[in-house]
Amino acid sequence: MDRQSRSGGTWAQMRSYPRSVQLLMVNQFSINLGFYMLMPYLAAHLSGTVGLAGWAVGLVLGIRNFSQQGMFLVGGTLADRLGYKPLIIAGLMLRIVGFATLGLVDALPALLAASAATGLAGALFNPAVRAYLAADAGERRVEAFGLFNIFYQAGILLGPLVGMVLTGVDFRVACLVSAGIFALLSIVQIRSLPARRANDAPTTKGSGQRDGVLSQWRTIVANRPFLLFSVAMIGFYVMQFQVYLALPLEVRRLGGDGTSGTAAVAMLFAVSGLSTILFQTKVTAWCKARMEPGRALAWGLLTMGVAFVPLLVPTAVPAPEGGVGLWLLAAVPPALSALLLAVGTMIAYPFEMDTIVRLSGDSLVATHYGLYNTICGVGITLGNLLTGASLDAARAAGVSALPWIAFCALGLACAVALYGLHRTGRLAPPVRETRPAVSA
């Protein structure tokens, strides 16, 4: 690749990759566009138009998350055994069925089945997409995952805006348009995405037969550096998710639920998404030129911990009675936090994805991604439960700064853990056994 492509803008860099990598990036943008134009408005549709009780709405939403997190390992395993393309297409087709059903049925059993299908879809194509991207990007995996994050965030940023327009017409219109996006994606993948299998073909020694699934899972569970890395990165996802949980709650606490509060919450998402779109490639190039992967990961997590420092300001100063001063206090510290969280994510994410491949030893990559997603997904669920409980308890006790201090400590602890793994060589690729040649 020439110097211009290496240092150029997003589109120039994207064109320097194989067509399959370019297609996967556009694919991920479209997946997030279709998903986020629908899911932010699903709860309101279920409780309002459909008239479900609160517990039923929570069940429908929860079953999607449970089916996705619980099936990531299975999806990754199938991708390694059957090839990446079939799992990507299967996931897209499940999303077609799931999203169309969400808009066309009112019965709770059908809604639960549709929600489970949308979650299973993510479990099928997410590990396959990342393993495919890692394989075809080759030595440029870090840069490729940086670009991938741009398209990922662009879909998150644009999806709710499109969904707001479509749900203003009818929620069913949004569902059908989203299903149509996934249908179009399926056709494009079937026609244009080359078939791609895992580089390795795991076999039982001396038999020429593939290892069983349980044997492969035992091998991965025995990969202690990978498990330690996965646990250390839980904090990354817990902190990253606070753009959708703790930061909006803090804005609403200070600014209220009116138009000004809504505008401040929208600003959080805009700051997070736009900063990634504008600066991800520059941040990735700067970090790769100056840092080893382990150090970059540690700095990324440390930056995310520091991101919660601005939220200490509203807890230390008296809140204005109203007007512009109150809005600024409600909007600016959370926006700064969202920006720093985005910067930390930009630093860490490409190296995170690359490290998973390296720790796998380029073997069963999709399965490793699947288990990694499951571990982090369980961590996110527990982290969010603790976050919600701590926010309520801290405010009731009059120590509203405590959750933000805890997040700062979490970022520091994760950064120290990752730096420790780096210094002790646990983030280096494992040494693969070489079998002696058998003479005839």
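Which residue follows H13, and what is the sign of its phi? I looked this up at the outset, bearing in mind that the model is predicted, and found that H13 is followed by Gly-256, whose phi is positive, near 85°.

**Entry on confidence.** I noted that the chain averages a pLDDT of 89, and that 92% of the residues score at least 70. Over residues 201–209 the pLDDT is below 50, although I see that this stretch has 15 contacts in the model beyond near neighbours in sequence. Residues 434–440 also have a pLDDT below 50, and for this stretch the model holds 2 contacts beyond near neighbours in sequence. Where pLDDT is low, the predicted coordinates should not be read in detail, so I leave the placement of both stretches aside.

**Entry on H13.** I then went back to the helix itself, which spans residues 246–255, and listed its buried residues as Ala-246, Leu-247, Pro-248, Glu-250, Val-251 and Leu-254. Looking for their partners, I found that these buried residues pack against H14, helix H16 (313–316), H17, helix H18 (365–396) and helix H19 (402–423).

**Entry on H14.** I picked Ser-272, which lies in helix H14, residues 259–290. Is Ser-272 buried or exposed? Its relative accessibility is 13%, and because the cut-off for buried is under 20%, Ser-272 counts as buried. Leaving out residues up to four places away in sequence, I recorded that Ser-272 touches Ala-338 and Ala-342.

**Entry on the cores.** The largest nonpolar core has 109 residues, and I noted that Met-25, Ile-88, Phe-229, Leu-301 and Tyr-369 are those that touch the most other members. H17 gives the most to this core, with 13 residues. I also noted a second, separate core of 5 residues, which includes Leu-33, Met-37, Leu-166 and Ile-181. Following Leu-301 further, and again not counting residues up to four places away in sequence, I listed its contacts as Met-233, Gly-235, Phe-236, Met-239, Ala-348, Gly-411, Cys-414, Ala-415 and Leu-418.

**Entry on a surface patch.** Which residues make the nonpolar surface patch of about 400 Å²? I found Val-324, Leu-328, Val-332, Leu-336 and Leu-339 there. Of these I looked up Leu-328, which is found in helix H17, residues 323–360. Leu-328 has a relative accessible area of 40%, and because partly exposed covers the range between the buried limit of 20% and the exposed limit of 50%, I entered Leu-328 as partly exposed. In soluble globular proteins, nonpolar side chains tend to be buried together. I therefore keep two notes on H17 side by side: this helix gives 13 residues to the largest nonpolar core, and it also holds Leu-328, a member of the surface patch.

Technical notes: Residues numbered from 1 in each chain as written. Predicted model: local features only at pLDDT ≥ 70, side-chain atom pairs only at ≥ 80, totals over all residues. Heavy atoms only, no water. Patch = residues over 30% accessible without salt bridge, like charges linked within 9 Å, V, L, I, M, F, W, Y side chains within 5 Å. Areas by Shrake-Rupley, 256 points an atom, 1.4 Å probe, with all protein chains shown as cover. Salt bridge = Lys/Arg side-chain N within 4 Å of Asp/Glu carboxyl O. Helix = DSSP H or I, 4+ residues; strand = E, 2+ residues; numbered from the N terminus. Buried < 20%, exposed > 50% of the residue type's maximum accessible area, 1.4 Å probe, protein only. Core = buried A, V, L, I, M, F, W, Y, C linked by side-chain atoms within 4.5 Å. Contact = heavy atoms within 4.5 Å. pLDDT = per-residue confidence, 0-100.
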